[in-house]
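Got the model open in your viewer? Good: let's click through it one selection at a time.

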Amino acid sequence: MTRRQLALQREAMQLLEKTITAPPDSSDEVPSSWLAGLDGAVWDGRQWGMCPWQPSKLAVGDVVVVSVTEEQIMQILINHEVVASVQVGVGPEVPLYPLLELAGATLGGKFYTGNAAM
């Protein structure tokens, strides 16, 4: 990670610490959040919509990759296959932080950075 990326990450975390004073009831209440999954729902930071991805179909060992393209599209890949694309209005220069909302029978997950999960 470059010094610029580290500075942006620190800045974002400080902003979140000032903004979030208590745990939110749901992930869409986290400022500047974009969500996909939720059994076919997608949150673009402003409104709810639908997406074809159903996280309830994930199996143990599946690899989920989230990235933002230069065209400002958040892509969700499962085992190297694009399963959802969402216009988010932010480019790849903005730090992307994982947000995992455990629901249903989900017991947990692992986070990797860079190409570690590939």
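Start by selecting Arg 46: this residue is exposed, with a relative accessible area of 62%. Here, buried means under 20% relative accessible area, exposed over 50%, and partly exposed in between, using a 1.4 Å probe and protein chains only. This is a predicted model, where local features need pLDDT of at least 70 and side-chain atom pairs count only at pLDDT 80 or more, while totals for chains, interfaces and linings use all residues. Residues are numbered from 1 along each chain as its sequence is written, and side-chain values use heavy atoms, with hydrogens and water left out.

Keep Arg 46 selected and look at what flanks it: the residue lies in the loop between strand E2 (41-43) and strand E3 (48-50). Strands (E, at least two residues) and helices (H or I, at least four) are DSSP runs, numbered from the N terminus. Now add Val 88 to the selection. It is 42 residues from Arg 46 in sequence, and the two C-alpha atoms are 9.4 Å apart in space.

Next, zoom out and colour by secondary structure. What does the chain contain? You should find one helix and six strands, and reading along the sequence gives the pattern α-β-β-β-β-β-β. Of the 118 residues in the chain, 22% are buried.

Time for the sheet. Select E4, E5 and E6: they form an open sheet of three strands in the order E4-E5-E6, with antiparallel pairing. Two strands pair if DSSP finds at least two bridges between them. Which strands stand at the edges? Strand E4 (64-68) and strand E6 (81-87) do, each with a single partner strand, so one side of each has no neighbour in the sheet.

Zoom in on E4 and E5 (residues 73-78), which run antiparallel and are joined by five bridges. Pick Val 65, and you'll see Leu 77 of E5 opposite. Then try Val 64, whose bridge partner in E5 is Ile 78. Follow the chain round the hairpin of these two strands: there are four residues between them, and Gln 72 takes a positive phi near 65°.

Now shift to E5 and E6, an antiparallel pair with six bridges. Select Met 74 to find it standing opposite Val 86 in E6. In this hairpin two residues lie between the strands, and Asn 79 takes a positive phi near 50°.

While you're there, show the side chains. In a regular strand they alternate between the two faces of the sheet.
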